[in-house]
Amino acid sequence: MKKVFVKSYGCQMNVYDAERMADMLTTEGYAETKTMEEADLVILNTCHIREKAAEKVYSELGRVRELKKERETEGRETKVVVAGCVAQAEGKEILRRAPAVDVVVGPQNYHNLPQLLNKARSERVVDTEFPIEDKFDHLPRPSKAAIRNRGVSAFLTIQEGCDKFCTFCVVPYTRGAEVSRPVAKIVDEALSLADAGVRELTLIGQNVNAYHGEGPDGSVWSLGHLLHRLAAIPGIARLRYTTSHPRDMDDALIAAHRDLPALMPYLHLPVQSGSDRILDAMNRKHTGDEYRRLIARIREAQPDLALSSDFIVGFPGETDAEFEDTMRLVSDVGFASSFSFKYSPRPGTPAAEIAEQLPESVKAERLSRLQNLLETQRQAFNRGTVGQTLDVLLEKPGRHPGQMAGKSPYLQAVQFETDSHRIGDIVTVRITQAGSNSLFGEVVQPGGQAAA
């Protein structure tokens with residue numbers, strides 16, 4: 001068989017898309033490889049969110065070009081595909097700057113890869129038009145073996161695109177408008193995953209809690225309604241979802257956190273800033289106090305909730321006082337983990353046109369202060385689990401013989417010794433130690449005693 005190597009950058013959506021591309025190409029005679037050097041087809045599935053994303057892709061393409069030349073001298077052909085959000089944003093510019101590339105395909109069009117690769121035998125191809133048809137209707141179902149090889153936790157795309165138009169973000173331009181998959185198709189995919197041994201589903205979308213898919217009866221289902229349906233699937237023990245917007249946390253979704261044991265008590269809910277003026281300039285459509293009140297409501301429904309968020313520091317025009325508003329919000333709310341970044345302009349977004357771009361030194365100093373506070377909160381949350389008993393989903397062998405590793409309900413890595421449990425089991429573990437990035441514990445037997 002020919003071999004395909006897929007390198008995926010960025011978000012969970014890209015991980016899911018990369019897996020589906022690999023599944024689709026299996027039917028075209030390709031076997032997936034983890035080594036680029038032995039690949040007949042190299043796919044870079046790109047992300048446009050991070051700073052200098054496009055330049056990083058071009059740098060990687062320079063290395064791919066040299067690999068392609070080496071393989072040509074050995075009589076081996078290599079096709080190169082750039083997919084994902086940088087492909088959508090750059091389009092034909094990629095062909096101009098990177099002669100090694102054969103196909104450029106946007107994130108809504110990768111179901112066309114077989115036809116594009118066939119066309120690329122005679123010419124270089126770009127496909128970045130937003131299609132009318134649903135790409136999911138054209139993607140083959142992965143085999144049981146492929147699902148099992150990926151583990152007991154799986155991503156499942158339920159929604160794509162975003163209508164929020166935050167002024168710093170390229171997603172509406174690269175992924176398009178919000179589109180929700182029908183409930184029946186999501187349930188069908190979830191049943192297939194469960195049948196192959198998946199125990200934990202993470203529902204993903206650019207704005208996942210804006211989900212508004214067609215239900216079996218023709219009515220519109222919200223994310224809360226969908227979660228109840230998925231929780232009823234035999235074998236699915238855990239549900240999560242990401243990434244969400246504060247404006248779309250409706251009553252039904254908050255109630256699901258209260259009512260569904262399968263819905264893990266961990267929520268990633270980006271706030272981005274604590275300053276009302278900056279939030280308005282970002283077009284976030286919520287204030288700092290509205291976010292605080294929302295978190296209070298969710299924690300009232302689910303007192304065990306662990307919260308995660310995203311933060312951008314150094315947004316154009318951000319003053320020292322406005323940055324302190326963010327530090328104050330972090331102190332008020334408390335986060336178990338978070339992602340934080342310096343603002344960097346994205347071409348074509350409104351924020352990139354604002355004149356008051358801040359010096360890198362200012363952004364770096366603010367980011368350092370924020371990350372120190374967030375890390376202090378993360379470590380405090382982890383230390384707070386010591387002495388608790390947590391249910392751990394086993395995902396893989398641990399670092400040492402006799403160890404197993406898995407995830408807590410709060411997405412923490414947990415390691416412990418056991419010789420009687422298998423991957424996919426959910427084991428009650430008493431946490432005995434919190435390391436810098438992992439928790440350590442001991443199995444608790446029925447009756448509450450630690451295993452001998």
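**Strand pairing around β21, and the cysteines**

Let me start with a single pair of residues, Val 414 and Leu 439, which are bridge partners, with Leu 439 lying in strand β21. Please keep in mind throughout that what we are looking at is a predicted model.

That pair belongs to a wider contact, since strand β19, covering residues 413-417, runs parallel to β21, covering residues 439-443, and the two are joined over three bridges. Which strand, then, pairs with β21 in the antiparallel sense? That is β20, residues 426-434, and this pairing extends over five bridges. Within β21, Val 443 is the residue that serves as bridge partner to Val 429. β20 and β21 also make up a hairpin, and four residues lie between the two strands. Taken together, β21 has a parallel pairing with β19 and an antiparallel pairing with β20.

Let me now turn to the cysteines, where a search across the whole structure returns zero disulfides. Cys 85, for example, takes part in no disulfide, and the nearest cysteine sulfur, which belongs to Cys 47, sits 6.2 Å away. Is Cys 85 buried or exposed? Its relative accessibility is 9%, so Cys 85 counts as buried.

Why does Cys 166 form no bond with Cys 169, which holds the closest cysteine sulfur? The two sulfurs are 6.1 Å apart, which is too far for a bond, because a disulfide requires the pair of cysteine sulfur atoms to be within 2.5 Å. Cys 166, too, is buried, and its relative accessible area is 9%.

Methods:
Residues are numbered from 1 along each chain as its sequence is written. This is a predicted model: local features need pLDDT of at least 70, side-chain atom pairs count only at pLDDT 80 or more; totals for chains, interfaces and linings use all residues. Side-chain values use heavy atoms; hydrogens and water are left out. Two strands pair if DSSP finds at least two bridges between them. Buried means under 20% relative accessible area, exposed over 50%, partly exposed in between (1.4 Å probe, protein chains only).
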